[in-house]
Each structure stands twice: as C-alpha cells, then as structure tokens.
Amino acid sequence: MEKTIYTKDIPNKKIFVKREFNSSPEIVWKAWTESELLDKWWAPKPWTAKTKSMDFTEGGTWMYCMCGPDDEKVWCKVVYKKIDEIKSFEGTDAFCDENGIESTEMPGMYWIVSFKPSENGTTVDVEITFDSEEDLKKIVEMGFQDGFASGHYNLDELLRDLTDIKN
C-alpha cells in the first residue's frame, strides 16, 4: 500500500503532501475533480462526504459536507482559482456553514494540487499554504494528516474499482 508523505514548513506556513496512486493521471484527475467520485473517497471512514454543489471551473465552487457517524456535519467550500486540465488546480478551502458563509473561527487554506505521470501511475503533490503558523498548527492538531491519509486509502480502493471497470 502506498504511503502519504507529509513535509511541514512551519516558518513559511506550508504543508506539502506527496502520494503516488496506481492509476493513470486521467483517472486520478477525475477522482479529484468530479463530485460523484470525490464523495466516494474524500472523507476518512467512518465519515462520508456529500456534495451539495460543484462547479469545477475557474471561479466555481465545491460545497460539501463531511458527515460523521453520529450525525455530525462539517461544511466546507472550495473556490477554484486556476485549472490546468489533468495537470493541476488551485483554490481556497474553508470551513463554512451549510449556506457557504465562511467560518471566522476555523482556518482557511490555499491548495495547489499537481498531477504527474509516474512509473507506477500518478504522483499527486499538494502544497497547502496557511495565513499563519497558528492556523497550520490548528489544522494539524485537528488530525489533518491521519484524516487525509485515510482518504487516500479510500481513493486507492476507488481507483482499483475504476481500473477494473475500464479493463
């Protein structure tokens, strides 16, 4: 099983995440950019992700809820800033309410997600930038690393299923 690699650059308020997936860039790209697929892997089990709306265009948004096993609901909103088809996308990610009003209590972040062909499939590099060191530390303390790695394992399963369907 692949391992998610994290590097923290606290003075520059960044987290770098690297992960290889055993699937083509085209399929991995779809899993990161289509709501029907994102809902199948984005949340760490036993949580689930449910998309309220998604417009994967520059300036468009993805509104989704991470739903917990005890009916907890955590709403988030991504605003896409730049998209380079099958290569990368950038955008802001913020906690919000079910109407998309961003939280002032939870940190927002800026994501750059890059997709590169690799020997075994696709390497995904994520650079996350925070407004402050405190914001970065708060997200890490919330369990970001374990949660994101868990989501990646969900994505491995989904990609195996998608690859089996294609073959």
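What follows is a conversation between a visitor and a guide about the predicted model shown above.

Visitor: What is the mean pLDDT of the protein chain, and which elements have the lowest and the highest values?

Guide: The mean pLDDT, which is the predictor's confidence in each residue on a scale from 0 to 100, is 94 for the protein chain, and 96% of its residues reach 70 or more. Among the elements, which are DSSP runs numbered from the N terminus (helices H or I of at least four residues, strands E of at least two), helix α4 (residues 144-166) has the lowest mean, 87, and strand β7 (residues 109-118) has the highest, 98. Because this is a predicted model, local features need pLDDT of at least 70 and side-chain atom pairs count only at pLDDT 80 or more, while totals for chains, interfaces and linings use all residues. Residues are numbered from 1 along each chain as its sequence is written, and side-chain values use heavy atoms, with hydrogens and water left out.

Visitor: Why is T4 called buried?

Guide: Buried means under 20% relative accessible area, exposed means over 50%, and partly exposed lies in between (1.4 Å probe, protein chains only). T4, in the segment before β1 (5-9), has 7% relative accessibility and therefore counts as buried.

Visitor: What makes the pairing of T4 with R19 a polar contact, and which other side chain does T4 join in this way?

Guide: A polar contact is a pair of N or O atoms within 3.5 Å; within protein, one must be able to donate a hydrogen and the other to accept it, and residues adjacent in sequence count only if both atoms are side-chain atoms. The side chains of T4 and R19 make such a contact at 3.0 Å, and the side chains of T4 and H152 make one at 2.8 Å. In the broader sense of contact, heavy atoms within 4.5 Å, T4 touches V17, K18, R19, A149 and H152 when residues up to four places away in sequence are not counted.

Visitor: Is V17 buried or exposed, and what does V17 touch?

Guide: V17, which belongs to strand β2 (residues 14-21), has 3% relative accessibility and so counts as buried. Leaving aside neighbours within four places in sequence, V17 is in contact with T4, I5, Y6, V124, D125, V126, F144, F148 and H152. V17 and D125 are 108 residues apart in sequence, yet their C-alpha atoms are 5.8 Å apart in space.

Visitor: Why is Q145 called partly exposed, and which side chain does Q145 meet in a polar contact?

Guide: Q145, in helix α4, is partly exposed because its relative accessible area is 23%. The side chain of Q145 makes a polar contact with that of K8 at 3.5 Å, and Q145 also touches Y6 and V140, again not counting residues up to four places away in sequence.

Visitor: What makes the phi of K13 and of I86 worth pointing out?

Guide: Most residues other than glycine have a negative phi, and most peptide bonds are trans. K13, in the loop between β1 and β2, has a positive phi of about 60 degrees although it is not a glycine. I86, in the loop between β5 and β6, likewise is not a glycine and has a positive phi of about 65 degrees. As for the peptide bonds, a cis one joins K45 and P46, with omega about 10 degrees, and P46 is found in the loop between α2 (35-41) and β3 (48-54).

Visitor: What makes a space a cavity, and how many of 30 Å³ or more are found?

Guide: On a 1 Å grid over the protein atoms alone, a cavity is a set of points where a 1.4 Å probe fits but cannot get out, whereas a pocket is an open set with protein on both sides within 12 Å along at least five of seven lines; lining residues have an atom within 4 Å of a point. Grid points are joined across faces, edges and corners, and a volume is the space filled by probe spheres set on the points. The search of the whole structure finds 1 cavity of 30 Å³ or more. The largest cavity holds about 140 Å³, and of its 13 lining residues the closest to its centre are W42, W62, V78, F89 and W111. The largest share of that lining, 5 residues, comes from β6.

Visitor: What is the volume of the largest pocket, and which classes of residue line this pocket?

Guide: The largest pocket contains about 490 Å³ of space, and of its 19 lining residues the closest to its centre are P44, M66, F95, M142 and F144. By class, the lining has 15 nonpolar, 2 polar and 2 charged residues, where Ala, Val, Leu, Ile, Met, Phe, Trp, Tyr, Cys and Pro count as nonpolar, Asp, Glu, Lys and Arg as charged, and the others, Gly among them, as polar.
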